[in-house]
Amino acid sequence: MLTLEGVGKRYAVDGTEIVALAGISVTVAPGEFVCLLGPSGCGKSTLLRIVAGLIPPTTGVVRIDGRPVTGPGPDRAVVFQDYALFPWMTVRDNVEFGLAARGVEPARRRQVAMELLRVVGLADFADKYPHHLSGGMKQRVSIARALAVDPALLLMDEPFGALDAQTRYVMQQELLRIWRSYRKTVLFVTHAIDEALYLGDRVLIMTARPRRLKAELRVTQERPRDIAGAEFGRLRKQALDLLSEEIARSMAEEAQGAVPA
Amino acid sequence: MKGAAVDQVAAGAPAVRRRLVLTREARLGLGTVVAVVVLWKLVHAAGLFPPWAFPAPEQVVAAFARTLASGELLKNAWASVQRQLVGVALAALVGIPGGLLLGASPTFRAAFLPICRLIYPIPGIAWIPLAILWFGVGFTSTVFVIFFTGIWPILFNTMAGVETLQGQYTEVARVYLAPRLFYVRKVLIPGSLPFIITGVRLTYGVGWRVIVGAEMISSITGLGFMIDDARWQLRPDIMVAGMITIALIGWVMEQWAFDWLERATIERWGMKSTRR
């Protein structure tokens, strides 16, 4: 169980205080797939990094099964947008990284890595270096690396944002398949409405000004979801309305701030 | 495995072809070298300089052949190369860990970077008199001078490499709970390798350039000594033969050994060299 209690983040930039996040409270049930949807600059990646333990919140607390998060832990793994694979390691060594860091013996490590590479369909590429792989393949390796440490919570920071539309679609299905068979809790950050609604059990919509949670959409539609269907269309319209209100407001604010010509 | 072998063949093939059939670039480069030699011969033939100060190209070739046959050239070249290798190795041994520490630890940087910046502008040659006082004439003092000249590029490049690496790779290491030493071995050093190799390359270059000066003053062997000694015999042909030997050895190391090292590591990983 992941709980966020009044999580906020403020930065001081040149003496001015910037509010990156304010008063975020969420509860995510074990095995739930939750998407964080919002325009760029709404602080959704900051929130993910706080949950990962990479940065501390200024206010509030993140708890996993009741214990406060004070840094990265064995119960969480992160999949980054630009894969963040180590170019000097083979695909297999990349997948083994988390286990090697924890001192797991080589034979066991290798076994886990090869099994996961089979799951993501890259067993034949185990000895390749990442630069031989396409973007979609790199992201599969990154997912395998995250699964290798068997985390309860999988944190994904716009993982498919850099992929082309078709690869993206394939990867979304792949992720759902993996999520079903490994029963991980997933926190998935995205700015794409369709992606959030296609994947999530719940979609949390974040606003940019102020940077807080605005609304929550519960998607009860059976998977695989028909993105051309009426129910999906209704949810999409709802999400779009919530977001465009937001975008319109921030544009208006920017226009006010600008010097008139 | 199979893929790697294919890559090597693919990378090696054009290089082999270049050596057999000269490319346009190679013809232009070689043409200029030939033109310079011809010009040199013409200047010599015109008698603009006295013969004891200005050798003809063929005299240099003869001096080269003679010193090679007598073993004098190889003996001195080996003496220089030995000092160079030991000096560069020492600079790397101190410079790489030092650079890693300077880049990774703000405390270490605050303590040691100012003194490094202070010593850095002192030319290697300026250390020679002190080196002779401390170590006498010969191997140790020359190595000392190479070390103090060569340590800076490798130290500062390694530091820059670590600073460039901080960020996402470091975050991945944190997410997966990598212990400090594991992080240094598996992430920090390989991740900084493009900078480290460039650093060693520069160190090699400045070391090789200073060694000759050092040997002229502080040694009785080596290519620098051979060149300086030829002055007393009024033998400019031996001087130039020694200079060309220096150029050839430097060229082979800088163009071949380091290029090979880069191909074997950072190019294989698809990373970019930091040169140019």
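1. Start with the helix pair in chain B. In this predicted model, α4(B) and α9(B) meet through two sets of residues. From α4(B) come B:S80, B:R83, B:Q84, B:G87, B:V88, B:A91, B:A92, B:G95, B:I96, B:L100 and B:A104. From α9(B) come B:L188, B:I196, B:G199, B:V200, B:T203, B:Y204, B:G207, B:W208, B:I211 and B:E215. By class, this contact holds 12 nonpolar, seven polar and two charged residues. Glycines sit on both sides, including B:G87 and B:G95 in α4(B) and B:G199 and B:G207 in α9(B).

2. Now the geometry of that pair. Packed helices are described by an angle and a distance between their axes. Helix α4(B) covers residues 72–104, and helix α9(B) covers residues 180–218. Their axes come within 9 Å and cross at roughly 140°. Angles over 145 degrees would count as roughly antiparallel. The two helices are therefore oblique to each other. The crossing is right-handed.

3. The spacing along α4(B) is worth a look on screen. An α-helix has 3.6 residues a turn, so positions three or four places apart point the same way. Follow B:S80, B:Q84, B:G87 and B:A91, which are among the α4(B) residues that meet α9(B). On the partner helix, try B:I196, B:G199, B:T203 and B:G207, also among the contact residues.

4. What is the secondary structure of chain B as a whole? It comes to 11 helices and zero strands. From the N terminus on, the order of elements reads α-α-α-α-α-α-α-α-α-α-α. The C-alpha atoms fill a box of roughly 75 × 55 × 30 Å, taken along the principal axes. Of the 276 residues in chain B, 35% are buried. Among contacts with a separation of 6 or more, 75% are between residues 24 or more positions apart.

5. Next, the interface between the chains. Here 21 residues of chain A are in contact with 19 residues of chain B. On the chain A side, β6 (76–79) and α2 (91–101) each supply at least two residues. The largest share, three residues, comes from α2(A). By class, this side of chain A has 15 nonpolar, three polar and three charged residues.

6. Chain A has an open sheet of six strands. Its order is β6-β7-β8-β3-β9-β10, and the pairing is mixed. Strands β6 and β10 (213–218) stand at the edges, each with a single partner strand, so one side of each has no neighbour in the sheet. Neighbouring strands are turned by 20° against each other on average, direction ignored. Note that β6(A), an edge strand here, also supplies residues to the side of chain A that touches chain B.

7. Look inside that sheet at β8(A), residues 185–190. Is this strand covered or open? It is mostly covered: six of its six residues are buried. A:T185, A:L187 and A:V189 point one way, whereas A:V186, A:F188 and A:T190 point the other way. Both sets are buried.

8. Strand β8(A) has a parallel partner on each flank in the sheet order. Strand β3(A), residues 33–37, is joined to β8(A) by five bridges and runs parallel. Strand β7(A), residues 153–157, also pairs in the parallel sense with β8(A), over five bridges. A:V186 is the β8(A) bridge partner of A:F33, and also of A:L154. A:L155 stands opposite A:L187.

9. A second open sheet in chain A has four strands. They lie in the order β2-β1-β4-β5, with antiparallel pairing. Strands β2 (16–28) and β5 (67–68) are at the edges with a single partner strand each, so one side of each is left without a neighbour in the sheet. Within it, β1(A), residues 2–13, and β4(A), residues 59–64, pair over five bridges. A:T3 stands opposite A:R63 in β4(A). Helix α1(A) packs on this sheet, touching β1, β2 and β4 of chain A. The helix direction makes about 65° with that of β2(A).

10. Last, α1(A) itself, residues 44–52. The helix is mostly covered, with eight of its nine residues buried. The buried residues are A:K44, A:T46, A:L47, A:L48, A:R49, A:I50, A:V51 and A:A52. Charged side chains are on that list too: A:K44 and A:R49. Just after the helix, A:G53 takes a positive phi of about 90°.

Conventions:
Residues are numbered from 1 along each chain as its sequence is written. Chains are lettered from A and ligands numbered from 1 in the order in which they are written. This is a predicted model: local features need pLDDT of at least 70, side-chain atom pairs count only at pLDDT 80 or more; totals for chains, interfaces and linings use all residues. A residue is buried if 20 or more other C-beta atoms lie within 10 Å of its own, exposed if 12 or fewer, and partly exposed in between; C-beta atoms are placed from the backbone. Axes are lines fitted to C-alpha atoms, for helices over the stretch in contact, and angles run from 0 to 180 degrees between N-to-C directions. Angles under 35 degrees count as roughly parallel, over 145 as roughly antiparallel, 65 to 115 as roughly perpendicular and the rest as oblique. A crossing is left-handed if the near helix is turned anticlockwise from the far one by less than a right angle, and right-handed if clockwise. Two residues are in contact if their C-beta atoms, placed from the backbone, lie within 7 Å. Ala, Val, Leu, Ile, Met, Phe, Trp, Tyr, Cys and Pro count as nonpolar, Asp, Glu, Lys and Arg as charged, and the others, Gly among them, as polar. Two strands pair if DSSP finds at least two bridges between them.
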